[in-house]
Amino acid sequence: MTQQSPAEGSRSLPPLSDLERGRRVYRHRQARRSVAISLLSTVVFAVVIALVLVGSPGWQVTRDTFFNPEYFWPALPKVAEGLLLNMQVLAIAVVGVAVVAVVLAGLRSLKGPVFFPLRFLAAAYTDLFRGMPFLIVLYLIGFGIPALGFSDKPISVVLLGTVALILTYSSYVAEVLRAGIEAVHPSQRLAARSLGLSHYGALRLVVLPQAVRKVTPALMNDFVSMQKDVGLISVLGAVDAIRAAQVIVSNTYNYTPYVVAGLLFVLFSWPFIRLTDWLTARQQRREQIGGLV
Amino acid sequence: MNAPRRSSPPLRSPEQRRGDPATTAPRRSSPPQLSFGQPVLQLRGIVKSFGANHVLRGIDLEVARHEVVALIGASGSGKSTLLKTANLLERIDDGQILLAGDDISDPRVDVDGVRARIGVVFQHYNLFPHLSVLDNVTLGLRKVRRLARADAERRGMTLLERIGLAAQARAYPDRLSGGQQQRVAIARAIAPDPELLLLDEITSALDPQLVGEVLDLVAELKGAGSTILMATHEIGFARRVADRIVFLHGGRICEQGPPGQVLDAPQHPQTQEFLRRVLR
């Protein structure tokens with residue numbers, strides 16, 4: 001407890017009782033005990049996994065093929081260079097997804113029979129691209145568009161891959177946003193419209209900001225998922241991290257470069273995963289009113 | 001009080017408690033090891049701060065069996081926080097809480113077991129919207145008291161008849177008026193026959209014409225012998241049902257006594273000031 005001058009005597013708290021001191025000591029001890037237990041169980045778990053792996057009959061071969069330092073370090077710069085391309089594609093695709101998804105979600109939340117065709121189109125779009133495996137969208141866009149022959153010059157596979165990514169992910173994100181829009185209490189819309197705001201104004205200034213806050217964890221989840229799906233553009237031939245690894249693998253017949261690429265993807269997405277957790281925790285803290293429960 | 005101030009009496013284990021058929025026992029029965037006249041709730045030197053905001057600065061309060069105590073005071077005087085600490089929804093920073101003699105502020109206590117012994121009614125009802133009225137009332141009986149569904153529903157229907165809502169047993173809470181919802185919330189709270197009932201501003205969210213039906217029900221609970229600690233803004237109601245009025249100010253008990261004394265002849269200037277403002 002902080003010391004308080006006698007002048008503010010009536011505002012000060014009574015000194016801490018021995019009972020409360022005892023309770024705090026007890027809680028502190030309990031907290032330390034549970035940390036110790038969880039540490040111990042983690043170590044035991046890790047040791048068991050390690051023993052099972054190392055004790056397996058094929059461990060020598062597996063280690064030399066997948067975790068070979070001889071191939072690990074030489075592969076790293078090439079694969080890392082490829083990851084730069086993944087990052088660029090991701091940066092552009094995220095902006096595209098945000099724009100398309102907001103428009104789609106807005107269209108789907110339009111009310112009234114006049115807007116039926118727009119609602120229908122938006123619904124058909126999201127149904128189609130959420131249902132179709134991303135790999136197939138990639139093939140259709142990546143090989144189908146050039147086959148149409150609109151352009152004499154070859155279209156960049158990176159561009160096509162980005163478009164495919166936007167098509168698929170905007171349909172996911174649009175549905176998440178729509179769920180958020182519908183989760184905002186109708187009274188908020190009433191209040192906004194009562195101020196004289198238009199449907200669009202109410203959506204943009206009142207509903208969407210609240211909707212996005214509600215679905216931030218889901219949006220971040222889609223973002224992290226997108227981050228690794230960027231690696232699939234390698235099937236079109238774009239030299240990204242996975243493709244770079246593949247090139248080395250096909251020369252050496254050692255799979256360590258794939259592990260390198262996998263690790264780099266994990267490292268790349270890790271800050272965003274942590275950010276998601278942090279945002280979720282912060283939101284929980286803000287909305288929690290019930291103290292201990 | 002004869003117990004030494006810092007004593008912590010032995011706790012009843014959850015098994016013992018589950019063993020006693022609280023829902024079938026007559027209402028006024030008390031656990032065998034308790035002497036008659038032991039307070040249901042004893043708060044000793046309760047301190048609670050939120051950061052630099054000292055909400056409770058040392059509260060000593062006892063609620064006797066079958067007693068109805070009303071906490072009054074301005075917003076922010078600590079009424080709600082005091083109720084939450086009694087139900088272990090907020091951890092106290094100092095002091096001791098005894099429920100029927102058991103030190104429930106002890107960190108070793110079975111928190112869920114303690115909460116099962118206390119009924120709470122909230123300002124905003126907090127009914128479960130995905131459950132029917134009857135399921136709301138019987139949830140605790142079935143899942144905490146482990147009663148068979150048929151037994152729980154029999155008791156639930158008895159309670160709903162008592163609050164005049166038996167016809168709505170299968171309806172969902174959002175089909176009910178605020179007053180009806182709050183009565184269901186009261187039925188849910190008293191269903192497991194708790195030793196203590198905490199009412200936190202239960203009429204504050206109601207339309208004025210709906211307040212009466214809820215207050216009548218509380219008066220009936222008092223008649224049936226419930227032990228109640230409530231926070232309220234309804235001075236008239238506090239006068240009608242409370243055995244004792246406790247006026248909180250600045251996180252301390254400023255004045256307490258029978259309604260006639262505190263409300264009609266307040267001694268403390270803060271009480272006088274508060275009553276002048278709310279009764280104007």
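Here is a walk through a predicted model, starting inside chain B and then turning to the interface and the salt bridges.

Let's begin with strand β3 of chain B, residues 68-72. Five of its five residues are buried, so the strand is largely enclosed by the rest of the structure. Its side chains split in two directions: B:V68, B:A70 and B:I72 point one way, B:V69 and B:L71 the other, and all are buried. As for its neighbours, β3(B) runs parallel to strand β8 (residues 228-231), with four bridges joining them; B:V68, for instance, has B:I228 as its bridge partner there. β3(B) also pairs in the parallel sense with strand β9 (residues 244-249), again over four bridges, and in that pairing B:L71 sits opposite B:V246.

Next up is helix α4 of chain B, residues 133-143. This one is mostly covered, with eight of its 11 residues buried. Among them are B:V133, B:L134, B:V137 and B:L141, but also B:D135 and B:R142. What do the buried residues of α4(B) pack against? They pack against α5 (149-162) and α6 (178-190) of chain B.

The α5 side comes with a charged link too. B:D135 makes a salt bridge with B:R149, their closest N and O atoms being 3.6 Å apart. Since B:D135 lies in α4 and B:R149 in α5, the pair ties together parts that are 14 residues apart in sequence. The two ends sit in different surroundings: B:D135 counts as buried because its relative accessibility is 14%, under the 20% cut-off, while B:R149, at 44%, is partly exposed.

Helix α5 has another such link, at B:R162, which forms a salt bridge with B:E220 at 2.9 Å between the closest N and O atoms. This pair connects α5 to helix α7 (residues 208-223), across 58 residues of the chain. Both partners are partly exposed, B:E220 at 35% relative accessibility and B:R162 at 30%.

Over in chain A, the side chains of A:E20 and A:R23 meet in a salt bridge at 2.6 Å, N to O. Being three residues apart in helix α1 (residues 18-55), they are separated by about one helical turn. Both are buried. Over all chains, the salt bridges come to 28.

So where do the two chains meet? At the interface, 19 residues of chain A are in contact with 22 of chain B. Together the chains bury about 1800 Å², 51% of it on carbon and sulfur atoms. Chain A's side of this contact has nine nonpolar, five polar and five charged residues. There are zero salt bridges across the interface, but four residue pairs are in polar contact.

Technical notes: Residues are numbered from 1 along each chain as its sequence is written. Chains are lettered from A and ligands numbered from 1 in the order in which they are written. This is a predicted model: local features need pLDDT of at least 70, side-chain atom pairs count only at pLDDT 80 or more; totals for chains, interfaces and linings use all residues. Side-chain values use heavy atoms; hydrogens and water are left out. Buried means under 20% relative accessible area, exposed over 50%, partly exposed in between (1.4 Å probe, protein chains only). Contact means heavy atoms within 4.5 Å. Two strands pair if DSSP finds at least two bridges between them. Buried area is the accessible area (1.4 Å probe) that two parts lose on being put together, summed over both. A salt bridge is a side-chain nitrogen of Lys or Arg within 4 Å of a carboxyl oxygen of Asp or Glu. A polar contact is a pair of N or O atoms within 3.5 Å; within protein, one must be able to donate a hydrogen and the other to accept it, and residues adjacent in sequence count only if both atoms are side-chain atoms. Ala, Val, Leu, Ile, Met, Phe, Trp, Tyr, Cys and Pro count as nonpolar, Asp, Glu, Lys and Arg as charged, and the others, Gly among them, as polar.
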